[in-house]
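Here are some notes to keep beside you on a first look at this model. Please open the structure and follow the points in order.

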Amino acid sequence: MGQLEFQHKLDEFQKTLDVPKWYLGLSDYQERAIKELTDDLRDDFEQGTSFRIEKSLCRLGLSPLISKKKIRTMVQLGRGNDLAFLFFILEGYYISERKDGEYTTNEKLLMIAMAKIDLLPTLRELDRILPPPQLSELDLKRQQRNEQHQQKTSKPQVSPSPSSAKKSKRLPYFQRQPRPKEIVVKYTSKPPNHIASFPFWPLDQPPQYGSPTEPPWFSEYNLNPVGRLVKSTVGEAVDKYFNHLNHMKVLESRAIVSRRAAVALGNGHIRA
């Protein structure tokens with residue numbers, strides 16, 4: 001099997017999966033790189049460096065990697081926040097046209113990294129905002145059966161009557177034997193009704209989302225489209241003005257060169 005045929009079969013298999021198109025399976029090596037990315041980014045931001053986060057991006061699998069200068073700029077723009085850093089890198093250098101809704105490998109790596117980093121904080125906030133879960137009909141019936149079973153087992157035991165005591169003293173040879181029941185054995189098994197398992201959510205226990213973290217700086221950022229429009233308009237006007245000045249300086253320098261050339265040419269004719 002050639003490499004192109006194998007890649008084609010792999011693409012067809014991924015299309016059949018019920019997952020987002022940007023989802024990508026990661027190795028244990030890449031998982032560790034994502035876990036260590038936050039600490040590396042924090043240290044680089046505080047020290048004004050970029051070599052730690054550059055190694056983390058290499059271990060994640062980004063290829064080709066942007067220059068060290070661009071990485072250092074993104075570290076400062078992200079202000080030490082891992083989500084902002086990955087988003088700026090994605091939107092600034094690795095965004096593609098996404099023809100037919102397909103993502104590049106670099107896009108998938110960055111988006112799955114952001115999803116894994118922000119999964120627990122997102123679930124914690126959803127639990128805080130959304131109403132508590134309601135029991136389904138099946139759970140309600142199961143709960144009622146458990147309550148009835150507990151009530152039956154908790155009833156006081158009635159002392160046996162004299163007649164039953166007399167019957168119990170009879171020998172088993174003279175007692176009526178129970179009719180045997182046929183036991184049907186099924187050798188087929190059914191898979192459990194289990195959809196997914198989460199390592200942070202133990203069975204029949206509340207979820208463990210870890211220690212809460214401080215809200216990121218962009219959560220308190222106020223969008224101001226009017227101010228952004230005014231700023232961009234003023235910036236364009238200033239750029240046009242300085243471009244015009246630069247153009248005038250170029251024309252003046254060319255005119256000075258032309259005058260000097262004309263003077264030199266005229267002096268040459270006079271001497272001749």
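Which residues of helix α4 are buried? The points below take that up once the overall picture is in place.

1. First, a word on what you are looking at: this is a predicted model. The chain has 9 helices and 0 strands, and reading along the sequence gives the pattern α-α-α-α-α-α-α-α-α.

2. Next, the chain as a whole. Of its 272 residues, 16% are buried. The accessible surface comes to about 23,300 Å², and carbon and sulfur atoms hold 57% of that. Among contacts with a separation of 6 or more, 60% join residues that are 24 or more positions apart.

3. Now back to the opening question. Helix α4 covers residues 68-78, and its buried residues are I71, M74, V75 and G78. Viewed down the axis of α4, these buried residues fall within an arc of 105 degrees, so they line one face of the helix. A general point helps here: an α-helix has 3.6 residues a turn, so residues three or four places apart point the same way.

4. What covers the buried residues of α4? The cover includes α2 (28-47), α3 (51-60) and α5 (82-94). Just after α4, have a look at R79 as well, which takes a positive phi of about 55 degrees.

5. Two of those covering helices, α2 and α5, are worth viewing as a pair. In general, two packed helices are described by the angle between their axes and the distance between the axes. For α2 and α5, the angle is about 90 degrees and the axes are 10 Å apart. That makes α2 roughly perpendicular to α5, since angles of 65 to 115 degrees count as roughly perpendicular.

6. Which residues meet where α2 and α5 pack? From α2 come L37, T38 and L41, and they meet D82, F85 and L86 of α5. Sorted by class, this contact has 4 nonpolar, 1 polar and 1 charged residues.

7. Finally, please find N106 in helix α6, which spans residues 105-129. Is N106 buried or exposed? Its relative accessibility is 11%, and because buried means under 20%, N106 counts as buried. Setting aside neighbours within four places in sequence, N106 is in contact with G61, L62, S63, P64 and Y94. One of these partners, Y94, belongs to α5 (82-94), the helix that also packs with α2.

Note on methods. Residues are numbered from 1 along each chain as its sequence is written. This is a predicted model: local features need pLDDT of at least 70, side-chain atom pairs count only at pLDDT 80 or more; totals for chains, interfaces and linings use all residues. Side-chain values use heavy atoms; hydrogens and water are left out. Buried means under 20% relative accessible area, exposed over 50%, partly exposed in between (1.4 Å probe, protein chains only). Helices (H or I, at least four residues) and strands (E, at least two) are DSSP runs, numbered from the N terminus. The arc is that of the directions from the helix axis to the C-beta atoms. Contact means heavy atoms within 4.5 Å. Accessible areas come from the Shrake-Rupley method with a 1.4 Å probe; for residues, only the protein chains shown count as cover. Axes are lines fitted to C-alpha atoms, for helices over the stretch in contact, and angles run from 0 to 180 degrees between N-to-C directions. Angles under 35 degrees count as roughly parallel, over 145 as roughly antiparallel, 65 to 115 as roughly perpendicular and the rest as oblique. Ala, Val, Leu, Ile, Met, Phe, Trp, Tyr, Cys and Pro count as nonpolar, Asp, Glu, Lys and Arg as charged, and the others, Gly among them, as polar.
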